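Reader: I should be grateful for a close look at a single part of this model, namely the way one pair of helices packs and what lies around that pair. Please take the packing geometry as the point of departure.

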Amino acid sequence: MLVSILDNDFYKFTMQNAVVKLFPNAWTRYQFINRGQHRFPAGFADRLRHAVEGMSRLALTADERRFLEQTCPYLDPSYHDFLQGFRYDPSEVKIEQKGEDLEVVIEGLWYRTILWEVPIMALISELWFQMEGQDRDSDEVSLARTHQKIEHYRQMGIKVADFGTRRRYSYDFHDKVVSTLTEYGQETFTGTSNVYLAYRHGIKPLGTHAHEWFMFHGAKYGFKMANSMAMNNWVQVYRGDLGIALTDTFTTDIFFDNFDKMLAKLFDGLRHDSGDPIVFAQKAIEHYKKMGIDPRTKTIVFSDALDPDKVDRIVEFCRDKIGMSFGIGTNFTNDVGLKSMNMVVKMMDTRPDLSDDWLPVVKLSDIREKNTGTPEMIRLAREVLSLPN
């Protein structure tokens with residue numbers, strides 16, 4: 001069901017490049033979390049396992065490599081060589097079904113396992129809708145909504161991108177959505193997080209890093225040093241490129257405590273992924289001003305469950321105060337008249353080096369329901385960071 005090794009979000013490749021360079025001996029364990037308590041029909045695990053096994057045949061083509069070389073010059077030739085030789089190893093993925101419950105665990109060297117999360121979620125979503133067999137709106141009706149939305153955003157004079165790989169209705173529908181956005185988006189549609197669809201439609205792949213980058217640093221260096229070390233290591237690899245920092249791995253307030261003047265000047269902007277976007281924007285504006293930086297020279301990339309109404313509210317507040325753009329996920333790629341799945345695949349444990357024991361990792365979201373980690377480790381992290389339990 002996946003047609004290319006590049007059918008994945010861009011930040012997975014940018015993080016993989018950094019992991020290969022800085023943490024080649026790190027091991028990680030990821031786990032599927034069924035937040036929506038979805039029930040999986042009989043035989044689902046077998047269908048998913050078959051699709052995962054088929055991924056072992058995916059390989060970077062010569063044309064895809066040329067696209068990366070031309071579009072992403074900050075990915076050096078050694079990484080292109082590495083990716084050209086990379087193959088998925090299905091033995092890293094354990095899939096079990098007990099009744100209507102699905103269990104998926106991924107384990108192995110981080111530079112390898114890092115690529116599994118997004119395509120496995122895309123496969124789970126597509127297979128679930130296939131096997132549920134619910135009536136949906138036609139492509140004609142669904143894509144008409146896509147056209148209406150991008151026209152609305154164009155009239156607002158804002159920049160939007162597709163961030164919808166993980167919970168898309170299907171690959172085919174995702175492809176048609178990106179085609180529609182490319183055709184009608186003009187200067188408003190800036191690109192997609194999906195690297196293969198960027199290649200296929202001649203647009204820009206977008207993304208920097210995800211929560212796991214900071215979660216790993218929390219395990220390796222300690223919670224107080226996690227944000228600073230994660231950002232400094234990112235700068236070490238990318239030297240000013242890919243300069244949007246994710247803010248909410250250990251709460252936004254802790255992030256801003258760590259986001260000193262050097263980092264605030266080095267990074268082009270911030271990504272918002274949980275909590276009230278207006279509250280976040282106000283905090284960002286105040287922080288930049290405190291650092292003597294004009295907020296209008298920086299950008300917030302909003303990416304938390306966006307739809308036109310939410311975007312309108314954010315634009316009304318942020319316009320002329322701070323730069324902004326929007327990464328829109330399932331409201332683009334799963335707007336077919338059905339409720340999209342609520343699920344994630346998250347890093348749960350890591351061995352930062354071969355000599356280390358397994359350590360649980362933690363994410364302290366601004367929305368507590370999105371926290372990741374054992375209750376004991378979450379309590380410890382909050383205590384270390386002087387956050388209320």
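Author: In this predicted model, helix H14 passes helix H15 in a right-handed crossing. H14 covers residues 277–290 and H15 covers residues 308–318; their axes come within 10 Å and cross at roughly 25°. Angles under 35 degrees count as roughly parallel, and H14 and H15 are therefore roughly parallel to each other.

The contact can be followed residue by residue. On the side of H14, the participants are Pro-277, Ile-278, Ala-281, Gln-282 and Ile-285. H15 contributes Lys-310, Arg-313, Ile-314, Phe-317 and Cys-318. By class, the residues of this contact comprise seven nonpolar, one polar and two charged.

The surroundings of H15 include a sheet. This sheet is open and has six strands, in the order E5-E4-E9-E8-E7-E6, with parallel pairing. Its edges are formed by strand E5 (189–192) and strand E6 (244–246), each of which pairs on one side only. From one strand to the next, the twist averages 25°. Within the sheet, strand E8 (residues 299–302) and strand E9 (residues 323–328) pair in the parallel sense, with four bridges between them. Phe-302 stands opposite Phe-326 in E9. H15 packs on the sheet and touches both E8 and E9, and the direction of H15 makes about 170° with that of E9. Thus H15 is in contact with H14 through residues such as Ile-314 and Phe-317, and H15 also touches the two strands E8 and E9.

A pairing of the opposite sense is found elsewhere in the chain. Strand E2 (residues 93–98) and strand E3 (residues 101–109) pair in the antiparallel sense over six bridges. Gln-97 has Leu-102 of E3 as its bridge partner. E2 and E3 form a hairpin with two residues between them, and Gly-99 in the turn has a positive phi of about 65°.

Finally, the whole chain gives the setting for these parts. The protein chain contains 17 helices and eleven strands. Its radius of gyration is 20 Å, close to the 21 Å that the globule rule gives for 389 residues, so the chain is as compact as a globular protein of that length. Along the principal axes, the C-alpha trace of the protein chain spans about 55 × 55 × 45 Å.

Terms used: Residues numbered from 1 in each chain as written. Predicted model: local features only at pLDDT ≥ 70, side-chain atom pairs only at ≥ 80, totals over all residues. Heavy atoms only, no water. Axes fitted to C-alpha atoms, helices over the stretch in contact; angles between N-to-C directions. Parallel < 35°, antiparallel > 145°, perpendicular 65-115°, else oblique. Left-handed = near helix turned anticlockwise from the far one by under 90°. Contact = heavy atoms within 4.5 Å. Nonpolar A, V, L, I, M, F, W, Y, C, P; charged D, E, K, R; others polar. Pairing = 2+ DSSP bridges. Rg over C-alpha atoms; globule rule 2.2 N^0.38 Å.
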